[in-house]
Every structure is written in C-alpha cells, then in structure tokens.
Amino acid sequence: MRWCFSEDLEVAVAADRESALAALRRTEPDVITLDLGLPPDPGGASEGFLLLEEILRLSPMSKVIVVTGREDKENAVKAIGMGASDFYQKPLDADILTFVVNRAFRLAELERDNRELARQRNGTSIKGIVAASPQMLSVCRTLEKVAPTDVTTLITGETGTGKELLARALHDLSHRSEKPFAAINCAAIPENLLESELFGFEKGSFTGATQSKKGKIESANGGTLFLDEIGDMPMSLQAKLLRFLQERMVDRVGSVKPVPVDVRVVCATHRDVEQLINQGTFREDLYYRISEVTLDVPALRERDGDSLVIAQSLLQSLAKQMERPNLAFTEDAIKAIKTHPWPGNVREMINKVKRATIMADGKRVTAADLEIDCNLDGPAGQLNLRQVRENAERAAIIQALQSSNFNMAQASRLLGVTRPTLYNLTDKYRIETSPESSNA
C-alpha cells in the first residue's frame, strides 16, 4: 500500500494499535488508512474498532479510511457509523486506493477552508487582515466605525505592520470606494520632486515641464489620498499641505488659479510624531489636522496569538499558489513562530513563510525551513511533552548510530525497534544513516 502513493505524500506505517497511536501523535496525519484486522485479533475486527475510537478521539479532524475484506460490508458500515469517512475493500488496487485517499485529502482541505472562513468571520472582515488578538481586533473595530466618515485619519505603527492595508480598508469600506485611491510615499520621493508629485504643475513651470500634470491630490478627487510616511515630509511642504487640508484647494506649481478637490486624507508613519514635533521637524498644527482619528497598529510581537494565526494563513495561501497543498508546521516551527520577536512584523513573516514553502521537504515545515532559531531548552520547551520526546528520540538515534558505526541492524537492536521503524525515524528527523566518509 505504501508504494501506491506518490512521492509528495509523507507516509507512516504502523503494524499494531500501539505503534499506530505513536505515529498518530507524532505526525498528526490528514488521512489514515486503517485495516480492521490488527494483531492480536488479525482474523477479527475488535482491535481495529478500538483503534478507530482512539483515533477519532485524539485526532477528530483526520479522515479515516477503513480497509475491509471483500465480504465484510457489515464492519464497513459500522465503521462509517462510528465516524470513519470512507472504506476500501480488498484486494488491493493501486488506482482505486489512490483515488479514495486523494478524495479524503480533498475533503480534509475543504473542511480546513471552511474552518478558516468561519474563524475569519468571527475575527475581522477587513480584506487582507488576519487577526484574532484583542489588540488588533480593537483596531479593526475602530476602523469599521471610522471608515464611513470623512475624518482625516493617522495610522501609526512599526514598519511591516500593515498600515497601507488598513488605509485601503478605510477606502474600501467608505462611500468613496468606487472612486480613486491614490497613494504616495513621502520618504521615497526627493524633496524637490515631492511638491510637483503631490500638487501637480503647469506647463512651463520648470525645465522639462512640457505639459500640465495633475498631482496625486487631484488624481484622488472624489476618493482617498494616502500619504505614507508623512513623518518624513519636508517642513516646506508641510505648510502647503496644511493649507490644502484647511481650504481643500490645490495650488499647482506655476499656477495662480487654485483647483477645488474633494478628497478624504489618510496618513501613516512609523515614526513618533510627538517626538518629531519636539525636535522641530514636524508642525504641531499639521499633526492635529491629520490626526482627527488615530489608529495605532500594534507590533506583531504585541498581538497575543496572532503570529501563529497569520503564519498558518500565509502557509495555506502560499502553498496553494505554489501547488504544494497540505503543508503544515512542525511542533518546533510552531514554537519558533510563537517565540520569535518578529522585528520586521508581518512583512518579515511573509518572506520567511514564502521561503519555507519553497524549501520544505515533504509535508512538514520546520523551524529550520523558516530560518528561525528555536530554543528548545527554555521553560516553554520543557512543558511541551511532544517536543521533549522528539528531542530525546532524535538524540538516542544519533547516539545509537554512532555507537554502532552506522550499522542499521545493530542500531535498531540497541534502540529496541525494528529496522523499518528506525528507517522511518531517521527519515522523519532527517538523520544521515551513514558517516560522510563511507562509500555507497
């Protein structure tokens, strides 16, 4: 049966109830094929039904396919009634078995998608924002109240926290959603060009101005103007922006005729504006004008539980894009995601998860794939029994291999397991089964 499945599936094999439960806890599989005739009752189904009950209790989301004999329909029906998702009748047919297993994988994926949609409805409906923490949900609730209004809004927060996504959400949830959304990064454009980019210019107003051009403010007429990194705007332009916010009239460079503009203004910055005011690099009156409402976006490390929720959402979407379905984080990856400080916030996480999606072997994404250090010796690691077991198991295997000079038969005897089990474990932990200097 193992050889029926393609190489992109990670397969674990168990010979009895005890080893099956150990594999279940270790790999948390999406799909399980279960032969009801297990030892010590290979001719009956009692042991298989006992194992089915324990599987459904320990891993209720796993899809169990019960394998039965050709004339054993009663047990198949009973298993379905207990909670198995499907059954397969012997004798083995590789094509049919593969079809049944792939159907179970699709069902598991659909159920995950439904749970994710339900979770998002219970969290936030803002496009692009994944959040479950009270800190971020509070920001989202405020945004939903502010969006239908025309108040000038300032969004503050560290780089990579999603300030532009929130600015677009303010636009999308407003009555201006069908009108333009114009964005400009005040820190990315040289000071001598920023004025003409914002306010536009008339033909002949400077060398190279061969025709008149609307600025970002005019191009957003009727819609929303997003001024990113407003804290880096030069003082000379701050006065002109303040005048626009007060009068809602644009003076193009080289023009004497102001142009009226109806636009909602949203600003964002990663800098401490009050500190900039104290330093004399930002106008206090402009600050009060742009911050009628302030949304302070918390850093990812300050959002309780959001790091794992966002990482899992990213893994799911990126895996679909790259046609690598059913990827999942290992226990060490989950711990690393939870403990990593994420100085680059969500932007850093996107990069790491994207890399891990490409680099992961099999169906499990590890902390090494994410390139995150995971301190397994800390208090959190000591409390994680599964991780402690896996660390001890890995260390024992390496020691046994070294003691036996990488003789698999001898190492398996030292460990008290069969050779196939040892091969499965070395595959799982990616342990080399021969010294580097040995010949094939």
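1. In this predicted model, helix α5, which spans residues 134-146, packs with helix α6, residues 163-172, at an angle of about 35 degrees, and the two axes lie 9 Å apart. The crossing in which α5 passes α6 is right-handed. On the α5 side the contact is made by Met136, Val139, Leu143 and Val146, while α6 brings Leu166, Ala169 and Leu170 to it. Sorted by class, the residues in this contact of α5 with α6 are seven nonpolar, with no polar and no charged residues.

2. Helix α6 also takes part in the second largest pocket, since it is listed with α4 (94-122), β5 (181-185), β6 (224-228), α12 (306-321) and α14 (345-359) as elements that each supply at least two residues of the lining. The space in this second largest pocket comes to about 640 Å³. Its lining is made up of 28 residues, and those nearest the centre of the pocket are Gly128, Gly162, Leu165, Val346 and Ile350. The element that gives the most to the lining is α12, with six residues. In terms of class, the lining of the second largest pocket is mixed, with 10 nonpolar, nine polar and nine charged residues.

3. How many cavities of 30 Å³ or more does the structure hold? There is one cavity of 30 Å³ or more, and the largest cavity encloses about 30 Å³ of space. The residues that line the largest cavity are Phe199, Lys240, Arg243, Phe244, Glu247, Met249 and Asp251. Helix α9, residues 235-247, gives the most to this lining, with four residues. By class, three of the residues that line the largest cavity are nonpolar and four are charged, with no polar residues among them.

4. Two cis peptide bonds deserve a look when the backbone is inspected, and each of them leads into a proline. The bond from Pro39 to Pro40 is cis, with omega near 10 degrees, and Pro40 has its place in the loop between β1 (31-35) and α2 (46-58). The bond from Lys90 to Pro91 is likewise cis, with omega near 5 degrees, and Pro91 lies in the loop that runs between β3 (86-89) and α4. Helix α4 is also one of the elements that supply at least two residues to the lining of the second largest pocket.

5. A further backbone feature is found at Glu229, where phi is near 55 degrees, a positive value in a residue other than glycine. Glu229 sits in the loop between β6 and α9, and these two elements have already appeared above, β6 as a contributor to the lining of the second largest pocket and α9 as the helix that gives the most to the lining of the largest cavity. Is Glu229 buried or exposed? With a relative accessible area of 10%, Glu229 counts as buried, because this value falls under the 20% cut-off.

6. Phe406 also has a positive phi, of about 65 degrees, although it is not a glycine. The residue is placed in the loop between α17 (385-403) and α18 (408-415). Phe406 has a relative accessible area of 23% and is therefore classed as partly exposed, a class that covers values between the cut-offs of 20% and 50%.

Conventions:
Residues numbered from 1 in each chain as written. Predicted model: local features only at pLDDT ≥ 70, side-chain atom pairs only at ≥ 80, totals over all residues. Heavy atoms only, no water. Axes fitted to C-alpha atoms, helices over the stretch in contact; angles between N-to-C directions. Left-handed = near helix turned anticlockwise from the far one by under 90°. Contact = heavy atoms within 4.5 Å. Nonpolar A, V, L, I, M, F, W, Y, C, P; charged D, E, K, R; others polar. 1 Å grid on protein atoms, 1.4 Å probe; cavity = no way out; pocket = protein on both sides within 12 Å on 5 of 7 lines; lining within 4 Å. Points joined across faces, edges and corners; volume = space filled by probe spheres on them. Buried < 20%, exposed > 50% of the residue type's maximum accessible area, 1.4 Å probe, protein only.
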